[in-house]
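New to this one? Here is a short walk through a few of its parts, with the structure to look at as you read.

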Amino acid sequence: MALQSLDIKNRSATTFQGPSARSTLEVAKLIDVSRCIGCKACQAACSEWNDLHTEPVGVNEGFYTNPRDLSDQTWTLMRFYEEQIEGSLQWLILKDGCLHCSEPGCLKACPAPGAIVQYTNGIVDFHEENCIGCGYCISGCPFNIPRLRKEDSKVYKCTLCSDRVSVGLEPACVKTCPTGAIHFGSKADMLFQAEERLGDLRERGFAKAAVYDPQGVGGTHVVYVLPHGDRPESYGLPRNPSVGPLVGLWRSGLARAVGVITMVSVAVAGILHYMRHGPNEVPGESGKEA
Amino acid sequence: MTNNWVDIKNADVVMIMGGNPAEAHPCGFKWVIEAKIKNRARVIVVDPRFTRSAAMADIYAPVRAGSDIAFLGGLINYLLKNDKIQRDYVVNYTNAPFLVREDFAFQEGLFSGYDKEKRSYDKTTWAYELDKDGYAKVDPTLEHPRSVYQLLKKHFARYTPEKVEEICGTPKDKFLKICETVATTAAPNKVMTHLYALGWTQHSQGSQMIRTMAMVQLLLGNMGVPGGGMNALRGHSNIQGLTDLGLMTHLLPGYLTVPTEGDPDLKTYLEKRTPKPLRPGQMNFLGNYPKWFVSLTKAWWGAAATKENDWAYDYLPKLDAPYDVLRVFELMSQGKVNGYVCQGFNPLASFPDKAKLIKGLSALKFLVIIDPLVTETADFWQNHGEFNDVDPKKIQTEVFRLPSTCFAEEDGSLVSSGRWLQWHWKGAEPPGDARADIEIMADLFTRIRDLYKKDGGTFPDPVVNLAWPYKQPKAPSPEELAKEFNGVALADLPDPKDPTKILAKEGEQLPGFGLLRDDGTTACGCWIFSGSWTQAGNQMARRDAADPSGLGATGGWAWSWPANRRILYNRASADPSGKPWDPNRKYVFWTGKKWAGNDVPDMRPDAAPEEVVGPFIMNPEGVARLWAPAMTDGPFPEHYEPFETPLESNLIGSKVLSNPVARVFPGDREKLGTGKEFPLVATTYRLTEHFHFWTKHVRTAAVLQPEQFVEISEALAAKRGIKNGDRVTVRSKRGQIVAKAVVTKRMPTLKVAGKEVETVGIPIHWGFSGLVKKGYLANTLTPSVGDANIQTPEYKAFLVDIQKA
Amino acid sequence: MANKGDLIVRHTPGERLSHWVVALAFVFLFLSGLAMFHPTFFWLSFLFGGGQFMRWLHPLAGVLLTVLFYQYASWVWADNKWLPADTEWRRNMLAYMRLQTHSPEGTGKYNAGQKLMFWSMVPLIAVLLVTGIVMWQPYFAPYFGPSLRRAAGLLHAIAAFIMFVGIGIHWYAAYWTRGSIRAMVRGTVTRAWAKYHHPGWFREVAGKE
């Protein structure tokens, strides 16, 4: 989704900063897993608002999670997990999708200028017209979210409805959620609300309820309240997500500088050598055609 | 619902049994969440499956499908044994102190008066003992051995926690934990709401299951109170409106009943339906039955309904037997039905025993389908391979398809489960040649009427005299119909207390059913809707969400029947002296001069508490019935097994295995399987992702749940060598389906009477039309057995076997 | 101009064609890789039909380079075996670069510097191919986990830079050593050139004549 904007915090593959004169409130979506009934209304609303209607009617492979995975047509997906926790059965249901990291691995990995932008409000958005289809963002993402569309070699994911948010509306999933499990507002408010929910959950016996706002990626702009906060893996979420040293090293300014300096050094070394020593000629053939 | 959706938020405990609102009513479920968050409510779910509702529960307990009365009987026994009842409420607001006739008896699972041949009860002995004035005798101490309270104690003493565990497979500790939580609401300041749906209605004893829980709610003092009630969550948008308007074969609008052969004249008909008070001073609101009935026939036949012709009573058909769908399809399969009109109705998908339905539909001369969508019923004659293996050449039924509109393509009102009539406006034009149902019906009617006028007939009067006052006879508007349901004054209506005062002038819309008369001066198409379109306009279109009390009594939002009342029996939210039981739930109370509060009081406004007018005004007793002789299958509920049960005996200790009054046609009885052949319990249900057989036509919904599946436990899967995602064949005595297997921890293996009972869960949404993967109609498997009171088929508990396909 | 009789065939037409296609592929791969490595060079993508087309072509060119390179390598494999003279050459490498000495007597068709280049390219291109496949969207990448893909990205970049340094030396050496470019363009060298730079090879060729 592309929107001309003056509130760009980060722009992929861009040496200097994008237009950032306008700063906006940092926003977040709060997904309160303890209020989610797994109805998939958000999933339907996402496809309706974004006009994504070519996800094939799949098959049942023994799961409630349908389709089986995120795709270029499914930007949010309800995932269902059955877990025995402390002797009682728990049906854990997680709304999967982009978490809009403060330090997005996708953006860091992206080589195409302006294909991924991070707005000052925290939304990480893909501008597909700039995407070159390399899929580095997919490798860079600690949550395995972006999906490459084979037909056009562009990568897609949740935009946090940046188009709606930019005109003062909440994301479509938030609007649709029938139980109020998804909230949208300033990040500070969302964290406050999330903390408030923990009290109720702990009183109900979820002693380890926690807010999932992983600091390994600088915090996220989609925040979860997890009743079993001590085991995010049970919800399919990584315990300590981070972009990781490999991507860091690969896409770092240092690596890029070392690369370019090496390149230039080779050229300079050649010139210096030639200036000093001249060509290596067969004696007596000087001046002849090389 | 006795209460309403919003009111669920006022509960301290939310009990869900016989329903799965998180999946079937996801939008309404927000109020359960609200109760949890704002009210710290505890949520209890009892279900044969660990559903999405169970995922939201604080306490979940499994129960064997069809054993609910045993569970609830155990709960009643717990409350009585541990004295966890709201005694003041029980003594004053229920018939617990009433004395029952001496000759009543209960033995071996049968109540007195059973006729084995007719499979029915003579209910004479179930009556109250009356005094010389014709009033029921009572003992407010509840000590009399024949008081309802003592009979209740005795009846349910057999339902011990051990019996519950043995019959239901519910672990005793789970059961007791639920009992304790439920019992906390016996306190006057604690309230429990109960939510149920088709998980209870669809049993051979469904009505009694619901009744058992209603008794629990009465014992706890949770009826008529904010955050309480017995709340039936209706299975379709506007199915509440369907029953309100009497679209059932035995009903007229407003729950009036169709005359039977035993009612040859109006006098007999009205006498049978107009009770006398059973206690002194009671409102006995049903005493107004003649006003509602005469106003109805005036609405239908206008000037043709006169005092001389008994208000056109003879125009009404007189039933010789109930003509519910099970009977109609029985007759159809015997070749005794010529034509069948399906309007917004897909019986082939929705009714039991598909093979029998196909046989019936094939024997018709014509079938009319009025529906916005392609239905399986419309295409029953098409061969769809394994999914519908019929030979079109052999089916001579002529099928007419009349495309109609969807709700968003027309103006009108929908009645929610909470009895709210909410007006809605057309959002889009219908596609193609589709016409609104009203237009289709009006066109058909006017043509038929013209034929009768032209050609006459044996008795054309009811048709040719039908009042048809609409501006466009072939297209009556929803507004015109709504006004007709509300009712109109046919003459100036003077105030009975002061005849000089006119309450409504001739031609005016009536303000409510209070003004209805039985002298032909009022017309009203549905008495309970009276007040919905008054002189002040369309009350259903109001959208004021103001909630001054914070209790969800939004009197300015839409309109709620009866009389815009949001909680039924709300006088019971106050104690006998008229003070609220709970100061935090101040709802309806006595001001010293009149009844007032946050809702329309369900009480005569000037009935001082000293007059002891009971809050359950529709009953001639004035109080609620723990003892209910009106039921066909017993004044108290009793546990019977489903008609197909894995057990060989009734473990509650009686010799009667299944409901002795439930109706089974002989051909259907032969098609009942046994536990030896079909050892697994099956139950059918809906999923959030789909709505019945409609949304499989919607691409987005098809993607969310694409293909038919059944759910089984890991233990059963291991035993049968079935892996998750395998194709499996599920067989019952009536047929078989093939579907994918979802192997899940959520299907419990229950220990019932020492043996392991497995349940197979069968979602219903697939068929041979639509955008989803083609599937089998789940009702290929279900038995054609009806509930004893209301003939709802037993979809929720039957027997199957399963194998890898 | 040397007389025809003075010339020795050093590279067959097939070798030359193959070499220049590989060279062209390398130039493209290097520039397009650079565009994807460093945003400052992303403008290079416009030389190749835009980012998306360039990204699509890059792995295909990589496969072409790999196939042609290993075919070429098989042709010259035997000529790149390490000889005792190569050890001497390597010892005197700095002197050689300062033009203080020239190839030892036993130097074959390729001197030790060229052989070192050859033997470094053989594994480097393999590394680039394998890591490239791991990253190749949309065909192969989905079969590998994110950690592996990330590691592949890093390795691919490192290998590409080592390769660039090698090819840079190769280019310079070819320019510096007069007669080399002609050898790869026209296929021939003078007898004097051969005798001076590759005496062992010259004797071999001369002996056959």
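What follows covers a sheet in chain A, the contacts chain A makes, and a strand in chain B.

Keep in mind that this is a predicted model.

**A sheet in chain A**

Let's start with an open sheet of 3 strands in chain A, ordered β1-β5-β6, where the pairing is antiparallel. The edges are taken by β1 (8–11) and β6 (124–126) of chain A; each has a single partner strand, so one side of each has no neighbour in the sheet. On average, and ignoring direction, neighbouring strands here are turned by 25° against each other. Strand β5 of chain A, residues 116–119, is joined to β6(A) by 3 bridges. If you'd like a pair to look for, A:Gln118 has A:Val124 in β6(A) as its bridge partner.

**What touches chain A**

Chains B and C both come up here, so here are the two contacts in one table.

| Side touching chain A | Residues on this side | Residues of chain A | Nonpolar | Polar | Charged |
|---|---|---|---|---|---|
| Chain B | 35 residues | 29 residues | 19 residues | 6 residues | 10 residues |
| Chain C | 37 residues | 39 residues | 21 residues | 10 residues | 6 residues |

Which elements of chain B give two or more residues to the side that touches chain A? They are α2 (30–39), α3 (52–55), α21 (699–704) and β29 (735–744) of chain B.

Over on chain C, the elements that give two or more residues to the side touching chain A are α1 (13–37), α2 (51–76), α6 (146–176), α7 (180–185) and α8 (191–197) of chain C. Of these, α6(C) gives the most, with 13 residues.

**A closer look at β29 of chain B**

One of the chain B elements that touch chain A is the strand β29(B). Is β29(B) mostly covered or mostly open? Mostly covered: 7 of its 10 residues are buried.

β29(B) also has strand partners within chain B. Strand β27 of chain B, residues 709–713, runs parallel to β29(B), and 5 bridges join the two. In that pairing, B:Val710 stands opposite B:Ala741 in β29(B). Strand β28 of chain B, residues 727–732, pairs with β29(B) in the antiparallel sense, over 6 bridges. Here B:Arg727 stands opposite B:Lys740 in β29(B). β28(B) and β29(B) also form a hairpin, with 2 residues between them.

So β29(B) pairs in the parallel sense with β27(B) and in the antiparallel sense with β28(B). As general background, strands of a sheet pair through backbone hydrogen bonds, and either sense can occur.

Definitions and conventions:
Residues are numbered from 1 along each chain as its sequence is written. Chains are lettered from A and ligands numbered from 1 in the order in which they are written. This is a predicted model: local features need pLDDT of at least 70, side-chain atom pairs count only at pLDDT 80 or more; totals for chains, interfaces and linings use all residues. Two strands pair if DSSP finds at least two bridges between them. Helices (H or I, at least four residues) and strands (E, at least two) are DSSP runs, numbered from the N terminus. Axes are lines fitted to C-alpha atoms, for helices over the stretch in contact, and angles run from 0 to 180 degrees between N-to-C directions. Two residues are in contact if their C-beta atoms, placed from the backbone, lie within 7 Å. Ala, Val, Leu, Ile, Met, Phe, Trp, Tyr, Cys and Pro count as nonpolar, Asp, Glu, Lys and Arg as charged, and the others, Gly among them, as polar. A residue is buried if 20 or more other C-beta atoms lie within 10 Å of its own, exposed if 12 or fewer, and partly exposed in between; C-beta atoms are placed from the backbone.
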